[in-house]
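Hi,

Here's the structure I promised to pass along. Have a look at it first, and my notes follow underneath.

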Amino acid sequence: MFQVPRGTRDFTPDEMRKRRYLEQTMAATFTSFGYGEIQTPTFENLELFTAKSGESIINELYAFTDKGGRELALRPELTAPVIRCYVEKLQMEPKPLKLFYFGNCYRYDRPQKGRYREFQQAGCEIIGTDTYEATAELMALAFTLLKNTGLKNIQLNIGNLTIIGAILKNLCLLEDDQKRLLPFIDKAQFDDVKSVLRDSNVSENDAERFISVLQTSDINEIRGFITDDPTAVKELDAMETILSLLKNAFHISEYEIKLSIVRGLDYYKGLVFEIDAPVLGAEKQLCGGGSYELVSLFGGSEVPTSGFAIGFDRTILALEEEGFPFPPLKLDVFIVPVNPDMIPTSIQISQELRSHGLSVDFDQLRRGVGKSLKYADAKHIERVVIVGPKELETHTVTVRDMKTGNQETVAITEIYSKLKKPDV
Ligand code: AMP
């Protein structure tokens, strides 16, 4: 028997209803913040991804050569493709350009719960501004997107690469040691951070202070570490203003400064952020983003750019863990022809109700009334229309409320007004 490839999944109608719910909710939120949707190809030229991350990224990609000898890769993320598209055709658009997307991504990861080889991201890029208000809005959007899905418990963590860079410079680390340190910092593995620092001859006292600054959310304690670096001081002041907008104007206060958020230094710069759903345990990171530089690397005129990507699959897992009641996939009405002669009328009634926007099915197995009612019950269908010969003589049908078992005779001409959904 054939099975899905490792790290990929099928989505049944029951799962697709959750995914469509999430997509619709997120698209509505993106749109409400003035973003327009963009779609790029599933595969790109391999170079698009190696340009920023180097050849070593190929190990993590689904990269292949096509029949024409072109080196291609299934996209591992959408920021590089969206910026490629911007440089190719959108540079002359009025700024800021606010673009959102949904798309499948492919990474040669080790699969586990919340980590797949094919997964979906929902994300956005804002091109052409890096004002404090734009940065505050970007984080507010990420937070609001997740909140609007119905998630209750999420936490926004904010770091800054300029500031962490200044602190690392003070420790006089060699570039190689810095590179070795970053993954440990990112994963908050502080014992490993300590041992790298020890290997690099950083004093025990400095190492302790460094680890404490990685864990503090106190701006003043951070300030104490960077007083001799004017660029970092300016960045911290900017961060203070951004956070004040986030709290006092966007009214989002579930955030913390966490300098251990470093997100791999290859194209991010300055402010970076992540949103976690603690309910997910190990793979709890739902969203990652920040400001980055890619436009000039791809041949465009430099403009400020920032964005984020949300793990769509993990958001669904988090909603499920929190017991979120996803809107059910339900038929509004089931129609039962009592005998084969009633089939044409049953179809006509189905079509009439469908044309008014109700979801309708009719019995296509000729299984009779009793079994049809059992089927409707199993499918949680609340209303059944029974089309019988006697009623048809008087142009009526029987409408059954499956919850109460009550039945009513209704004129066929009145059936839609009887069954229509209440105005909301
Ligand atoms: P990244 O592009 O690595 O910053 O990832 C952004 C978000 O995508 C993460 O926060 C995750 O929620 C999600 N994500 C990343 N890799 C995977 C994966 N292999 N499987 C499922 N979700 C993922």
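**Strand pairings and the ligand site**

Let me start at a strand pair: V397 has V410 in β16 as its bridge partner. Keep in mind throughout that this is a predicted model.

That bridge belongs to the pairing of β15 with β16 (residues 407-411), which is antiparallel and runs over five bridges. The two strands form a hairpin with five residues between them, and in it G405 takes a positive phi near 85 degrees. β15 (residues 396-401) also pairs with β14 (residues 383-387), again in the antiparallel sense, over four bridges. There, I386 sits opposite T398 of β15. As general background, strands in a sheet pair through backbone hydrogen bonds, in either a parallel or an antiparallel way.

There's also an open sheet of three strands, in the order β2-β4-β3 with antiparallel pairing. β2 (43-45) and β3 (63-65) are at its edges with a single partner strand each, so each has one side without a neighbour in the sheet. On average, neighbouring strands here are turned by 35 degrees against each other, ignoring direction. For the β2 pairing with β4 (residues 71-74), count three bridges, in the antiparallel sense. If you want one to click on, F43 has L74 in β4 as its bridge partner.

Now the part you'll probably care about: the ligand. Which residues come nearest to it? Out of 14 residues around the ligand, those are R107, D109, Y116, R263 and Q285.

A few polar distances for your notes:

- R107: a side-chain N or O atom is 2.8 Å from an oxygen atom of the ligand.
- D109: a polar side-chain atom lies 3.0 Å from a ligand nitrogen atom.
- C287: here a backbone N or O atom is 3.5 Å from an oxygen atom of the ligand.

As for how covered the ligand is, on its own it has 490 Å² of accessible area, and the protein covers 89% of that.

Where does the shell around the ligand come from? At least two residues each are supplied by β6 (118-127), β10 (285-292) and β11 (305-311). The strand that gives the most is β10, with three residues. Sorted by class, the shell has five nonpolar, four polar and five charged residues.

That's everything from my side for now. Shout if anything looks odd when you load it.

Cheers

Key
Residues numbered from 1 in each chain as written. Predicted model: local features only at pLDDT ≥ 70, side-chain atom pairs only at ≥ 80, totals over all residues. Heavy atoms only, no water. Near = heavy atom within 4 Å. Polar contact = N/O pair within 3.5 Å; in protein donor to acceptor, adjacent residues only side chain to side chain. Areas by Shrake-Rupley, 256 points an atom, 1.4 Å probe, with all protein chains shown as cover. Nonpolar A, V, L, I, M, F, W, Y, C, P; charged D, E, K, R; others polar. Pairing = 2+ DSSP bridges. Axes fitted to C-alpha atoms, helices over the stretch in contact; angles between N-to-C directions.
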